[in-house]
Structure formats: structure tokens, C-alpha cells
Amino acid sequence: MSSSEWHVERRQSSNESPLSRDLENAPETGSLSIVVLGASGDLAKKKTFPALFHLYVQGFLPPNEVCIFGYARTKITDNDLRNRLRGYLVPGKDSSLEQLEEVSKFLNLIKYVSGSYDSKDGFCNLDKEISEHESLKSSAQGPSRRLFYLALPPTVYPSVCKMIKTYCMNKSDLGGWTRIVVEKPFGKDLESAEQLSTEIGELFEEPQIYRIDHYLGKELVQNMLVLRFANRLFMPQWNRDNIANVQIVFREDFGTEGRGGYFDQYGIIRDIIQNHLLQVFCLVAMEKPVSLKPEHIRDEKVKVLESVLPIKDDEVVLGQYEGYRDDDTVPDHSNTPTFASVILRVHNERWEGVPFILKAGKALNARKADIRVQFKDVPGDIFKCQKQGRNEFVIRLQPSEAMYMKLTVKKPGLEMETIQSELDLSYRQRYQGATIPEAYERLILDTIRGDQQHFVRRDELKASWEIFTPLLHRIDKGEFKSIPYKPGTRGPAEADKVLLEKAGYVQTHGYIWIPPTL
């Protein structure tokens, strides 16, 4: 973050904290304890603590209310954890004195507690530390709020949740809450996900559980509801009469990079498609909710998931990049896909006959994620320009966030020739000086506010696993084979063949979108 961006982001202080102002029906005083379990792990260091730091810089975590606790098995001191985190929080080598001071002030809010994840002693000690903070922060004048962020493997969720429920719940007589945030993967199939949900559900009510999917915190993903339901332009076009197909694509230009052993347990469908891309699919395909209340939005997401037909064998392509099994932690005969292209078909009035292509892969030719809505051909094409390509509405989720519409226009000059161009809304150009928050910042703030709109509800999780579990079980049994592909390519050639033949996608020739420069 540059010095100029820092000053844009920095919120002016006031007598009323933004946290208190944003919490509906919450008093202005009280304590907020944020506990990061798994504090010494990569997720916590690279994502959770930096997100908390940015919220602090913007004034959403006022120091007179907040204390952050790290909890892990590693036996280290408060200062050890702070020193480990510092490098992930300092903006860069050219950091100003003000920035460095802000980092130090934030780190001073962090305390560390060591203990195992099934230990009474560890969690009793954690509760003692939280209670001392609540006492110091004048919790007698307001609610005691406790947020537990589980930056941990799902295998320990049940034992950790049991410890929290038994020893670390909010005890204030003046109200408040206890909430838990759990990371994906939520199981490996329908049965394991339901078992995990049942074990956690026996300890906490659904409004206390925040199943986080960071894709729902991305700026352009959050824009989907506004685009679809606040613009008259799109509402009559967004259906099977006008749209030919929809692609939701995630590409990475690197492989598993030392995570091969972990990745091999899950594969690209469990890692990316069943959660991240399926959440995006819901927002693209769902019906208009009654209101913006979280439950109304999540109701519509569940409805569209329950309308998805069983996946057909001939509409699935799996791939594995050459060299994947060179990783010592990956079995020599692994069939785990590092690439998958799956067509979903929705059986309802709006989308009957429109293929949704969900595609994700590692070690491909680019790093990007986008939504590509391709419209049908113009009937009675008097310009004979269909070979140039169809209209497409493209939403670039990352990097270089943008939305652009591919249009056919007249080519400048004396002749009546056509060419493809675009109407372009590139965020860096249009919103200069604005800072796009990281997904984790937004979602952690939502948990503090008690807004579950961008979190996965239990029945939504169940519906998503019902779609993919039959396919995943067949892959696990070796009934579906992964096709080898070379790193740095588009993936297996068969995927493009299915895209063209089964999904009816029409490629645009000679057109490349180039992000505008400032």
C-alpha cells in the first residue's frame, strides 16, 4: 500500500467509533475480543491478521474496545507472535514513520495464548485472558462480544467448537454475543459435510456460525446483485431468450507449489469449483430476492442450487498438469485433477437450455478469474458479422477488476466495415484513489456486524455438495481419468472441444481486451 493510498484509507477519528456506529442496536461501549485460532499458521499470518490490521487502520477496530488473541499449539510469547506478523503488515520498504507507528500500535493489541485444540487447560487460560480484557475495557457498561476465527483444518473444528462452547462463551449479563468463523473446506462430500454441520450445529445456533468463502467478499462478486437488480438494462436480457451460455472461470499460472500433499486430498473441484465458483454461479443465476436481508438472499441461492440437474459424464473434462506427480508428497499414481471443466444445467423457467460452464485449473497460461456471459446471435444479421463474435458481458474478478461489454461497431474509415470493441468500466481508471478492500476485511467486518449475507448457510452447503458428490465419488474410485496437459497452456484440448460443441460457445477471433492505462 502506497503512502497516498494509506492516507485515503485512513479514517478520521471521532468520538463515536465506526464499530459501535455500524453495529445495529449495539451500545457504544463494551468489549470486542477477536480470537484467531491457528495463529501461527500461514492463513492467519497472510490473510486473517492483515485483514484485521486494515480494519484497525480504517477505524473499525477501536483500541478502546478491541483486543486480539492468537491461539495455537506453538509455545511462543506475545512478542514472538508480534514479530512474526510484523513483516506481513508493514506496507513496504518505503513505509513512512506514521505507517510503522500504526503497525506497532496494532501489534500491541495482540496477545498470545498457547494450548492444544482439545485441552481444557488451554481454553480455560484463553477464557481467563479474554475476561481480563473485558474487565479492563469497561465491559460492565456494555456487551461482551467474542469472535472466534478458526484458521484451522476442518478435522479439528468439532473439538475446538466444543472447547469454545464449554469454556469460552460470552458471560456478560448485559448482552453481547459469541460467534465462530469457519474456513473451507466444509467436508469432502455430502456425508462428511453434513456430519461436520451436525457436530457444530449441536453446539451453536445457525446465526452464530459464519462459514466463510472469501470469494463472496470480492468487490466484483458483491457487485453482482447491484448489476442485475438495480439496472433496467439487464433485467429483461438476463434469461434463456437472450443468453447463449455463461462461463465462470478461475485460472492460475502456477502449480501446487509445495502444497501437493494437501491438494491431492481434495483436487480442483473441491478446492475451487464446489465452493468459490458455485457461489458466483448462485449470484449470476438466482432470482431476485424479496429484499436485501441475508435470509432472503440466501433463500434464492438455495432455490437455484436445488434446480441444478445431475451432471452428465460427457460434459465433464478433468486434467492433471505434467509434473504434478513429481512432488514427493503426491502419490505416484495420483488421479487427482488439477483442472476441471464442468457444465451445469438449471431446470427452471429462466435458464432452461442455457449451459453454465464452471472451469478451474492450475499451471495454466494465465492468472485470472472472470464471469463471461455470452449472448445469442443477432437474428437477420444484415452486416454478416457473426464470424467476428457475439456480444459478451465480462466481469473480471481478478486481477485488474473490470466490467466490459463486447460490442460490434463500425470500423473507423470510409468503408462500412464492422469490428469488435468494448464498453469498459475498469476500476483502477474509473475509481482512482479508491482502495478496494481485501475480501477478508469485508467478511470479518460482516461477522462483527452480524450480517450473514455473504456467508454460506447450512442448507446451501448441503445443496452444493448434492450437486458434486456423485461426480467426486466416481473420480475418487478412478472411474473418471484426468487427461495430462502441459503447464502454461489452456489445459486439456478436450475442454475447449466440449466448450464449443456441448456448450455452444462461439469464440471471438482477432479481439483481445487490454486493460486501459491511467
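**Close-up views of a predicted model**

**View 1. A nonpolar patch on the surface.** I382, F383 and M416 come together here as a nonpolar surface patch, and their accessible area adds up to about 390 Å². Keep in mind that this is a predicted model. To find F383, look in the loop that runs between β11 (368-375) and β12 (392-398). F383 has a relative accessibility of 48%, so it counts as partly exposed.

**View 2. The seven-stranded sheet.** This open sheet has mixed pairing, and its strands come in the order β3-β2-β1-β4-β5-β6-β15. At the edges sit β3 (110-114) and β15 (455-456), each pairing on one side only. Zoom in on β5 (residues 176-183) and β6 (residues 209-212): four bridges pair them in the parallel sense. One spot to pick out is I180, whose bridge partner in β6 is I209.

**View 3. The nine-stranded sheet and its helices.** Here the order is β14-β13-β12-β11-β7-β10-β9-β8-β16, again an open sheet with mixed pairing. β14 (418-426) and β16 (483-485) have just a single partner strand each, so one side of each has no neighbour in the sheet. On average, neighbouring strands in this sheet are turned by 20° against each other, ignoring direction. β11 and β12 run antiparallel, joined by six bridges, and D370 stands opposite R396 in β12. Helix α9 (residues 219-229) packs on the sheet, where it touches β11, β12 and β13 (402-410), and its direction makes about 145° with that of β12. Helix α15 (residues 458-476) lies across β8 (316-321) and β9 (339-345), at about 145° to β9.

**View 4. A buried salt bridge.** D127 and R146 form a salt bridge, with their closest N and O atoms 2.7 Å apart. D127 belongs to helix α6 (residues 120-136) and R146 to strand β4 (residues 144-150), so this pair links distant parts of the chain, 19 residues apart. Are these two buried or exposed? Both D127 and R146 are buried.

**View 5. A link across the sequence.** R474 and D313 meet through their side chains in a salt bridge, 2.8 Å from N to O. Because R474 is in helix α15 and D313 is in the loop between α12 (294-306) and β8, the pair ties together parts 161 residues apart in sequence. R474 is partly exposed, at 29% relative accessibility, and D313 is partly exposed too, at 39%.

**View 6. More charged partners.** The structure holds 28 salt bridges. One of them joins D370 to K368, with the closest N and O atoms 3.8 Å apart; D370 counts as buried, at 2% relative accessibility. Elsewhere, a network of salt bridges links E295, R298, D299, R457 and D459.

Terms used:
Residues numbered from 1 in each chain as written. Predicted model: local features only at pLDDT ≥ 70, side-chain atom pairs only at ≥ 80, totals over all residues. Heavy atoms only, no water. Patch = residues over 30% accessible without salt bridge, like charges linked within 9 Å, V, L, I, M, F, W, Y side chains within 5 Å. Areas by Shrake-Rupley, 256 points an atom, 1.4 Å probe, with all protein chains shown as cover. Salt bridge = Lys/Arg side-chain N within 4 Å of Asp/Glu carboxyl O. Helix = DSSP H or I, 4+ residues; strand = E, 2+ residues; numbered from the N terminus. Buried < 20%, exposed > 50% of the residue type's maximum accessible area, 1.4 Å probe, protein only. Pairing = 2+ DSSP bridges. Axes fitted to C-alpha atoms, helices over the stretch in contact; angles between N-to-C directions. Contact = heavy atoms within 4.5 Å.
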